[in-house]
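Hi,

Here is the structure I promised to pass on. Have a look at it first, and my notes follow underneath.

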Amino acid sequence: MRRIFLIGYMGSGKTTLGKAFSQAEQLQFIDLDWYIEERFHKTVREIFAEKGEDGFREVEKRMLHEVGEFENVLIAAGGGTPCFFDNMEYMNRVGDTVFLDVDPKVLFRRLKVAKAKRPLLADKTDDELMNVITGALEQRMPFYARAKYRFNAELLESSEEIKDSVQRLKNLLDKNKL
Ligand code: S3P
């Protein structure tokens, strides 16, 4: 039985790589944000607006425990998931955790065009966005660093790169199989 969690900052490629890897490895793919949105019939933005970040984190934890029982699954966590409650220990206990390590400059480039849906970034100017990314990474790194594996996910721009990254991730996980 396989249960893999991809963790990392927003824009690190959890969804892109997660989808491609799941397809190649015949795992069910779950994006935690999408799962929350389907269960609550609300967008993450709406939940943040209604309940505030604290309320969202409660919901996120509950939903993490729900999907954490699924089998043969790859779960793309939210960027903040590992940094609240005992979520990181929980994920390490029930599955394999992979931290997608991406340089802040690459995150900035990706998030500049994809920030609208993310309540923590939506209203930021370019300068603010870079500051938010570097500040958050500093704060979150102690949590991300507790993942069982660390994977460089900077090359995900083309289908060729995605294919190569899937193979590299497969090698990394296979190498460490008991
Ligand atoms: C968040 C990341 C988002 C989403 C929410 C908060 C964060 O997920 O859960 O907007 O705190 O980093 P993605 O990393 O999938 O964008």
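How many of the 5 residues of strand S1 (residues 3-7) are buried? In this predicted model, 5 of the 5 are, so strand S1 is largely enclosed by the rest of the structure. Buried here stands for under 20% relative accessible area.

The side chains of S1 split into two sets: Arg 3, Phe 5 and Ile 7 point one way, while Ile 4 and Leu 6 point the other way, and all are buried. That fits a general pattern, because side chains in a regular strand alternate between the two faces of the sheet.

S1 also has partners. Strand S3 (residues 73-76) runs parallel to S1 and is joined to it by 4 bridges, with Leu 6 opposite Ala 76. Strand S4 (residues 96-101) is parallel to S1 as well, again through 4 bridges, and here Ile 7 stands opposite Phe 99.

Now for the whole chain. It holds 7 helices and 5 strands, in the order β-α-β-α-α-β-α-β-α-α-β-α from the N terminus. The radius of gyration is 15 Å, which agrees with the value near 16 Å expected for a compact globule of 178 residues. Of those residues, 47% count as buried. Among contacts between residues at least 6 apart in sequence, 73% join residues at least 24 apart.

Two items on surface and charge: the accessible surface is about 9400 Å², with 49% belonging to carbon and sulfur atoms. The mean positions of the 29 positive and 30 negative charges lie 2 Å apart.

Best wishes

Technical notes
Residues are numbered from 1 along each chain as its sequence is written. This is a predicted model: local features need pLDDT of at least 70, side-chain atom pairs count only at pLDDT 80 or more; totals for chains, interfaces and linings use all residues. Side-chain values use heavy atoms; hydrogens and water are left out. The radius of gyration is taken over C-alpha atoms; the globule rule is 2.2 Å times the number of residues to the power 0.38. Buried means under 20% relative accessible area, exposed over 50%, partly exposed in between (1.4 Å probe, protein chains only). Contact means heavy atoms within 4.5 Å. Accessible areas come from the Shrake-Rupley method with a 1.4 Å probe; for residues, only the protein chains shown count as cover. Lys and Arg count as positive and Asp and Glu as negative; His and the chain ends are not counted. The place of a charge is taken as NZ of Lys, CZ of Arg, CG of Asp or CD of Glu. Two strands pair if DSSP finds at least two bridges between them.
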